[in-house]
Amino acid sequence: MRCGAGIEARMVDELAINIDPIQAGGRLTADAMKAVIAYGDGYSVCDNCRKPNRLDYISKPPIAEFHKDIAVWLNMDAARVVPGARRGFQAVAHTYVHKGDPVLLTSLSHYTGFLAVEGAGGIACEIPADDRQIVTADAAAHKIEEVRKQHGRLPVLAFIDHVDYQYGNVHEVQAIAKVAHQYDIPVLYNGAYTVGIMPVDGKSLGADFVIGSGHKSMAAPAPSGVLACTAERAKEVFRTTMIAGDVTGRKFGIKEPEMMGCTLMGVTLVGMMASFPHVKERVKHFGRELENAAVVIDALRSIEGTRVLSEYPRKHALTRVDTTASFDTVAQTHKKRGFFFSGALSERGVTGIIPGATRVWKYNTYGMTQRQAQYVAAVFIGIAQENGLKVT
């Protein structure tokens, strides 16, 4: 089936078990699929936009209610939808960071956090991860003092990932936030891999800002995300416009500069709204996800030479492994070289690993049924045995 000239219909998740590390939490629900069809037109949510003419005031469809629900769900005071987590980072950085200001990130932070700091003129100061690839509160405290000595002032903001994109490790975000607040440094909680995946309580974590990704973890179309914050910070990051035209004298009411007036419109927003009831329910069952992740990781660990680079036991479904001493040894002499591995997975109905990768790679079991997890585990073991690798 074609969607247009040269555009084949995408059927990755219909035809295979997709273990791509960044796609697992963003698969649309059936309700979101319906929303994509019904609200695909550009200004489809604006039919009932009335004064004060702002997205988060629209009541039909219930966009205003959705904003309130998101804030309550994350235990924060206010929320806005944004075109991806990165635009949330940008809004916060632009509000608090000025040229030459030091900003805390971590050695495992996503690149978009760095770009947000750069765009605001800030200086990136990384909290190093320890030997386990965990970012600790002690390391954060040490870094803050180091920044004070080096720059003669404290960081103005801290970007902290709860779960990083490289290892899927869970970091000491609550304790780090406590340390940062002792220095009056506001904390941006990056929940790109947690909001919509597992329960998130922003105030309990000590976050001033909670940012999530709709297309990574909330079963929403891309680009979509959420930015929630405390009441104190809402006055700052969600401030309204003060500008006026010098010829016409025009003013723009309650539009918010950091949101560029209205933000996430049409299909991305309504898709996120349609999935929201399902997302609220699924985070309650994160334990099942860890059980399924354990089935697959145990199978990989049983293949001699395979190492788990992420923390173990796993606390998240995104995992990084090193198969240099297992599958990569096969690739050295196989006629398909490194592509034998992704090819063998594809033949068995598993996709999502970068073609040719046999050394260090990531995968994500999020959203699998127990039966699918058992099948994927058997596939890894079967490929290993077929190629002469020892399985214990």
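Helices and strands are counted here as DSSP runs, with at least four residues for a helix and at least two for a strand, numbered from the N terminus. In this predicted model, the protein has 15 helices and 14 strands by that count. Let's begin with the whole molecule and then walk along a few of its strands.

How does the radius of gyration of the protein agree with that of a compact globule? A compact globule of 392 residues would have a value near 21 Å, and the protein comes to 23 Å, so the two agree. If you follow the C-alpha trace along its principal axes, it spans about 75 × 60 × 35 Å. Of the 392 residues, 52% are buried, where buried means under 20% relative accessible area. Looking at contacts with a separation of 6 or more, 67% are between residues 24 or more positions apart. On the outside, the accessible surface is about 18400 Å², and carbon and sulfur atoms hold 53% of it. The protein carries 44 positive and 40 negative charges, and the mean positions of these two groups lie 3 Å apart.

Now find strand β5, residues 102-106, where five of five residues are buried. In a regular strand, side chains alternate between the two faces of the sheet. You can trace this in β5: Pro102, Leu104 and Thr106 lie on one side, Val103 and Leu105 on the other, and both faces are covered. Its partner β6, residues 123-127, runs parallel to β5 and is joined by five bridges. Proline 102 stands opposite isoleucine 123 of β6.

Strand β9, residues 209-213, is our next stop. Why is β9 described as largely enclosed by the rest of the structure? Five of its five residues are buried, so the surroundings cover most of it. Phe209, Ile211 and Ser213 point one way, while Val210 and Gly212 point the other way. Strand β8, residues 187-190, runs parallel to β9 and is joined to it by three bridges, with tyrosine 189 partnered with valine 210. Strand β10, residues 225-229, pairs with β9 in the antiparallel sense over five bridges. There, phenylalanine 209 has cysteine 229 as its bridge partner.

Our last stop is an open sheet of three strands, in the order β11-β12-β14 with antiparallel pairing. Its edge strands are β11 (307-308) and β14 (360-364), each of which pairs on one side only. Strand β12, residues 318-322, is linked to β14 by five bridges in the antiparallel sense. To see where the two strands meet, look for aspartate 322, which stands opposite valine 360 in β14.

Note on methods. Residues numbered from 1 in each chain as written. Predicted model: local features only at pLDDT ≥ 70, side-chain atom pairs only at ≥ 80, totals over all residues. Heavy atoms only, no water. Pairing = 2+ DSSP bridges. Rg over C-alpha atoms; globule rule 2.2 N^0.38 Å. Buried < 20%, exposed > 50% of the residue type's maximum accessible area, 1.4 Å probe, protein only. Contact = heavy atoms within 4.5 Å. Areas by Shrake-Rupley, 256 points an atom, 1.4 Å probe, with all protein chains shown as cover. Lys, Arg positive; Asp, Glu negative; His and termini not counted. Charge placed at Lys NZ, Arg CZ, Asp CG, Glu CD.
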